[in-house]
Amino acid sequence: MPTCRICRGERLNTFLSFGSMPLVNNFLREEQLGTPEHRFPLDVCFCDNCGLVQLGYVVDPEIMFKNYAYLTGASEPLLAHFAALAAEITQRFDVPVGSLVVDVGSNDGTLLQSFQKLGMRVLGVEPAVNISKLAVSRGIETTNDFFSSHVAETISAELGRAKVITAANVLAHVNDPEDFLSGVTSLLDEDGIFVIEVPYLVDLLEKREFDTIYHEHLSYFALRPLMSLFAKFGLGIVRVERISVHGGSLRLYVQKSAHSISPNVSELLKLEERAKLAALETYQKFAEDVSQIKEELRSLLQSLKARGARIVGYGAPAKGNLLLNYCQIGTDILDYIIDTTPFKQGRYTPGTRVPIFPESRFHNAPTDYALLLAWNYTDAILQKEKAYRQAGGKFIVPIPKPRIV
Ligand code: DWN
């Protein structure tokens, strides 16, 4: 019987079950197409006690993250996002040049490259062997491991305490957030700043971002459970912002025994009350909306296909693979998918086995519709594909309601 990963409560109410799903970043090589893929239960629960939305079943992180397909730098908008974050932290907290900055879940070093340019000493912590090698080849010192209280002690013994610790889209992936925060607390300087970005549960519900629910994401955070987690380690939120990245996230600036709790903490807590995050009914309604999106999207695609339309997938994000598997969209609908990530090109999507090509395929071979699987970059992609749209090409945006633009 699973218990809540924050309060250890045993009353977890399952409100949505996707059945057994493949791992969304497990892109297949040609020679793997003949063998069945591992599938794991994907059920989403709500903790009656602390309100944390979370997965019931935990897939071994070694299987999910030791060899990883996702590259931060493959998405142009994220380069600007993380350059701005490094500048914001450095300026807002007047971080001295030469300070140690540790990025947890550092991926290809995109964020740390910006801190390096600002004169900081940087260290990444990245579990994926293939990706940490790429970061090191780019001059970003990287510890190839999962962050933990033990890894934190090793780092502070070798390099001293960190003035800045960042963790963008990491905490939701961690099965033991208490050990994670214990490590942050021991590694962070007394006057250091810990900055995290996590997808925001209010956005997930409001915009029906059901495809962001998959095995990598063990927790779906609202501010309230985060505050109770931080309080256990004497960490206080000095500033919290809603940001648009990844479909809507929270950015939290956290310090040790912080005295000034950010004024908009109470605003967001009121927002969460209005959103009825503490009521199981909220999640049961979300589950109904999700099955409606599935029906609407399937019928839209099938009617276009019946009229002879050519349809491709645009972007091969992790969430796209959840959406394709849950909505049962495969090569019967999509001719192929394009993606800017070298690791993904030439491979096939997990479960649905749609072939993935570089962007050039999309620009050279005309098509009628592109299912925008990377919908969190809609503005940037519509701008980038102006010529396709001016030539009559359309995009299908799947959430919060399937629509053609
Ligand atoms: O939490 C996570 C987030 C941060 O990244 C991880 N668990 C896994 C991953 O999720 P994702 O794969 O859904 O992330 P993105 O950034 O939404 O993925 C976008 C995909 O689309 C990438 O593979 C790159 C691709 N892309 C593209 O082909 N053309 C992106 C852009 C902007 C483009 O123009």
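Here is a short chat about a sheet and a ligand site in this predicted model.

Visitor: What makes S15 and S16 a pair of strands?
Guide: Two strands pair if there are at least two bridges between them. Strand S15 (residues 369-372) and strand S16 (residues 394-397) have three bridges, in the parallel sense, so they count as a pair. Within that pair, leucine 371 sits opposite isoleucine 396 in S16.

Visitor: Why are S14 and S17 called edge strands?
Guide: Take the whole sheet: six strands in the order S14-S13-S12-S15-S16-S17, open and with mixed pairing. Strand S14 (356-357) and strand S17 (403-404) each have a single partner strand, so one side of each has no neighbour in the sheet.

Visitor: Which helix lies across S12, S15, S16 and S17?
Guide: That's helix H10 (residues 280-306), which runs at about 155° to S16.

Visitor: Now the ligand. What makes the link to tyrosine 377 a polar contact?
Guide: The cut-off is a pair of N or O atoms within 3.5 Å. A polar side-chain atom of tyrosine 377 is 2.6 Å from a ligand oxygen atom, so the pair qualifies. Aspartate 339 passes too, with a side-chain N or O atom 2.7 Å from an oxygen atom of the ligand, and lysine 344 also has one at 2.7 Å from a ligand oxygen.

Visitor: How much of the ligand does the protein bury?
Guide: Alone, the ligand exposes 710 Å², and the protein buries 96% of that.

Visitor: What kinds of residues make up the shell around the ligand?
Guide: There are 11 nonpolar, 10 polar and five charged ones. Helix H11 (318-326) and helix H13 (378-384) each supply at least two residues of that shell.

Conventions
Residues are numbered from 1 along each chain as its sequence is written. This is a predicted model: local features need pLDDT of at least 70, side-chain atom pairs count only at pLDDT 80 or more; totals for chains, interfaces and linings use all residues. Side-chain values use heavy atoms; hydrogens and water are left out. Helices (H or I, at least four residues) and strands (E, at least two) are DSSP runs, numbered from the N terminus. Contact means heavy atoms within 4.5 Å. Axes are lines fitted to C-alpha atoms, for helices over the stretch in contact, and angles run from 0 to 180 degrees between N-to-C directions. A polar contact is a pair of N or O atoms within 3.5 Å; within protein, one must be able to donate a hydrogen and the other to accept it, and residues adjacent in sequence count only if both atoms are side-chain atoms. Accessible areas come from the Shrake-Rupley method with a 1.4 Å probe; for residues, only the protein chains shown count as cover. Ala, Val, Leu, Ile, Met, Phe, Trp, Tyr, Cys and Pro count as nonpolar, Asp, Glu, Lys and Arg as charged, and the others, Gly among them, as polar.
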